[in-house]
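Work through the exercises below with the sequence and the coordinates open, and try each task before reading its solution.

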Amino acid sequence: MTENHIIVDHPQTRPGVMVIRFNRPEKKNAITGAMYDRMTAALHEANKEASIRAVAFLGTEGCFSAGNDMADFMAYAMGGGGRPTAADFLQALATCDKPLVSGIDGLAIGIGTTIHLHCDMTIASSRSVLRTPFVDLALVPEAASSLIAPRVMGHQRAFAMLAAGEGFSAEQAREAGIIWKVVSPDAVERETLALAESLAAKPPHALSIARSLIRGNGDDILARMDEELVHFTKQLRSAEARAAFEAFMSRKG
Ligand code: COA
């Protein structure tokens, strides 16, 4: 079943495009370890294959992703250990050298929001909400969001999002510079795929150079991911985080 929770597709009608789709709508596309692994492998494939010229992340109707699976967080908190597979995914994301686009319709929580900080262009539907309740879960920002968000949005908006856990509407996120364009819900998929296709059709070498000039070498981003990970994994095992996960798991009675 798990394989179907991430669908990796190379649509024939969109030459050069790899689509990575969250497909676990019954759990609001919450991301498990196996799902991270599948996405990591897909990003490695995108880097290796010259025929893949752009990668598009999509979710399902009304939901991009509710972030990391809470049961996985709980398992880690209860004594699981090692390097979380999310860390490998984030590294693959930050070092992917193909253009990355994403399309959000609806919920984008936790890593469901921070993933877009690594995308080159993101389209969101007008009903989308981006939220990172890290601190409310007794966790800390990840995905180098503590570095990228203040750079892009300024301190106040980054703090509001990453520390205060304030939700951002699609329009607020666009104004803050973390979203390229807001469209109607029925247009998200079409526009995201068309964008990926148009990037895939550009002269690849020139686009690749332009992209690295715009993004920089990324060493600071990888270093910040490592720094965040130390705090994140420590906090995952804290009593305050365990209490927050338990509250989520038992909220329905
Ligand atoms: N991990 C695991 N399961 C999750 C999940 C997550 N991050 N988010 C949602 N789900 C599951 C719910 O447990 C529920 O499963 P169930 O039907 O078996 O009980 C199902 O998805 C639907 O979610 P539900 O909470 O009933 O829907 P809702 O519309 O009332 O609320 C959310 C949706 C996303 C606002 C709410 O589920 C939520 O806050 N999820 C946690 C988000 C989060 O904190 N992520 C981590 C960020 S670091």
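The exercises that follow treat salt bridges, cysteines and a surface patch in turn.

This is a predicted model, in which local features need pLDDT of at least 70 and side-chain atom pairs count only at pLDDT 80 or more, while totals for chains, interfaces and linings use all residues. Residues are numbered from 1 along each chain as its sequence is written, and side-chain values use heavy atoms, with hydrogens and water left out.

**Exercise 1. Salt bridges**

Task: Find how many salt bridges the whole structure holds, and place the pairs formed by E189, E171 and E191.

Solution: Begin with the criterion, a side-chain nitrogen of Lys or Arg within 4 Å of a carboxyl oxygen of Asp or Glu; a search of the whole structure then gives 11 salt bridges.

Next, take E189, whose side chain meets that of R21 with an N to O distance of 2.5 Å. Because E189 lies in helix α8 (residues 188-200) and R21 in strand β2 (residues 17-22), this pair ties together parts that are 168 residues apart in sequence; helices (H or I, at least four residues) and strands (E, at least two) are DSSP runs, numbered from the N terminus.

Then turn to E171, which pairs with R174 at 2.7 Å between the closest N and O atoms. These two residues of helix α7 are three residues apart, and so are separated by about one helical turn.

Finally, E191 forms a salt bridge with K181, with the closest N and O atoms 2.8 Å apart; here helix α8 is tied to strand β10, the parts being 10 residues apart in sequence.

**Exercise 2. Cysteines**

Task: Determine how many disulfides the structure holds, and explain why C119 is in none.

Solution: With a disulfide taken as a pair of cysteine sulfur atoms within 2.5 Å, the count is zero. For C96, the nearest cysteine sulfur is that of C119, 9.5 Å away. C119 therefore remains unpaired, since its closest cysteine sulfur, in C96, is too far for a bond.

As a last step, check the burial of each residue, where buried means under 20% relative accessible area, exposed over 50% and partly exposed in between (1.4 Å probe, protein chains only): C96 is buried at 3%, and C119 is likewise buried at 11%.

**Exercise 3. A charged patch**

Task: Identify which residues form a positive surface patch, and locate K252.

Solution: Patches take residues with over 30% relative accessible area and no salt bridge, like charges being joined within 9 Å and nonpolar side chains (Val, Leu, Ile, Met, Phe, Trp, Tyr) within 5 Å. The positive patch consists of K27, K28, R251 and K252. Of these, K252 is found in the segment after α11 (239-249), and K252 is exposed, with a relative accessible area of 74%.

Technical notes:
Accessible areas come from the Shrake-Rupley method with a 1.4 Å probe; for residues, only the protein chains shown count as cover. Lys and Arg count as positive and Asp and Glu as negative; His and the chain ends are not counted. The place of a charge is taken as NZ of Lys, CZ of Arg, CG of Asp or CD of Glu.
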